[in-house]
Amino acid sequence: FYAMPEMRSSKGVPTGAFYGFIKILKKVIEKQKITDVLICHDSQTSIRKKNNPAYKSKRDSTPLELETQKNMLFEFFTKEHIPVISIEGHEADDIIYSMVQFCSEQEKGMAFILSSDKDLHRLLVKKNTFIIDLNKEALLDKAWLEQHYGAGITEEKIALFYALCGDSSDNVEGVKG
């Protein structure tokens with residue numbers, strides 16, 4: 001939304017984020033020869049927010065123009081028969097984790113995750129799992145993970161590392177010092 005130029009339809013409807021997302025998604029699908037797409041979406045409520053009321057409390061509210069374009073995207077996904085999964089009480093990364101875990105255990109297919117969320121880095125230890133990070137303009141894999149976190153890195157160590165660091169964007173304090 002913030003990276004795209006402001007674009008509007010002939011009727012004045014904002015379209016920049018919608019256009020940018022579709023363009024990126026199409027490019028990724030073609031480049032990686034992806035055959036199946038699944039969109040994961042945060043639910044309105046969050047177990048994390050219930051357990052910690054301060055969770056994400058410092059974030060600005062979603063701009064109306066972005067909300068409008070998100071709704072347009074969901075209409076597009078419906079028309080294109082692209083499934084959108086949202087599970088009450090859970091965030092998109094919870095769903096992504098579960099899907100990747102299932103595929104890894106079944107040893108079926110490959111998972112390409114389109115996200116810049118560092119919390120998902122722990123999934124790179126799974127078989128046939130890749131993260132397409134638009135901020136880094138890179139395809140992250142297990143080799144990238146080991147280069148950045150060290151050989152022998154595990155999911156548990158990554159989770160512990162981020163717990164120690166905290167996450168200012170989620171308003172989660174880490175260990176001081």
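How exposed is C103, buried, partly exposed or exposed? C103 is partly exposed, with a relative accessible area of 32%. That value, like the others here, comes from a predicted model. C165 is also partly exposed, at 44% relative accessibility.

The cysteines lead to the matter of disulfides. The structure holds zero of them. A disulfide is a covalent bond between the sulfur atoms of two cysteines. For C103 the closest cysteine sulfur is that of C40. The two sulfurs are 11 Å apart, so they are too far from each other for a bond.

Next comes helix α4, residues 92-106. The helix has 15 residues. From its first C-alpha to its last it reaches 21 Å, close to the 21 Å expected at 1.5 Å a residue. Seen down the axis, the buried residues of α4 fall within an arc of 165°, so they line one face of the helix. Those residues are A92, D93, I95, I96, V100 and S104. An α-helix has 3.6 residues a turn, so residues three or four places apart point the same way. What does the buried set pack against? Its partners are β1 (39-40), α2 (47-51), β2 (84-85), β3 and β4. Just after α4, E107 takes a positive phi of about 55°.

Two of those partners, β3 and β4, deserve a look of their own. Strand β3 covers residues 111-114. In a regular strand the side chains alternate between the two faces of the sheet. In β3, A111 and I113 point to one face and are buried. F112 and L114 point to the other face and are not buried. Strand β4 spans residues 129-133. It pairs with β3 in the parallel sense, over four bridges. Buried I113 has I131 of β4 as its bridge partner.

S115 lies in the loop between β3 and β4. At a relative accessible area of 16%, S115 is buried. Which residues does S115 touch, neighbours within four places in sequence aside? S115 is in contact with L120, I131, I132 and D133. D133 is itself buried, at 2% relative accessible area. Its side chain meets that of K136 in a salt bridge, 3.6 Å from N to O. K136 is partly exposed, at 44% relative accessibility.

That bridge is one of 12 salt bridges in the model. Another joins K56 and E91, with the closest N and O atoms 3.2 Å apart. This pair links distant parts of the chain, 35 residues apart. K56 sits in the loop between α2 and α3 (64-79), while E91 sits in the loop between β2 and α4. E91 is buried, with a relative accessible area of 7%. K56, at 22%, counts as partly exposed. Both belong to a network of salt bridges that links R48, K56, E91, D93 and D94. D93 brings the path back to α4, where D93 is among the buried residues.

The loop between α2 and α3 also holds R59. R59 forms a salt bridge with D170, the closest N and O atoms being 2.6 Å apart. D170 lies in the segment after α6 (155-165), and 111 residues separate the pair. Which of the two partners is buried? D170 is buried, at 8% relative accessibility. R59 is partly exposed, at 43%.

Definitions and conventions
Residues are numbered from 1 along each chain as its sequence is written. This is a predicted model: local features need pLDDT of at least 70, side-chain atom pairs count only at pLDDT 80 or more; totals for chains, interfaces and linings use all residues. Side-chain values use heavy atoms; hydrogens and water are left out. A disulfide is a pair of cysteine sulfur atoms within 2.5 Å. Buried means under 20% relative accessible area, exposed over 50%, partly exposed in between (1.4 Å probe, protein chains only). Helices (H or I, at least four residues) and strands (E, at least two) are DSSP runs, numbered from the N terminus. Two strands pair if DSSP finds at least two bridges between them. Contact means heavy atoms within 4.5 Å. The expected span of a helix is 1.5 Å times one less than its number of residues. The arc is that of the directions from the helix axis to the C-beta atoms. A salt bridge is a side-chain nitrogen of Lys or Arg within 4 Å of a carboxyl oxygen of Asp or Glu.
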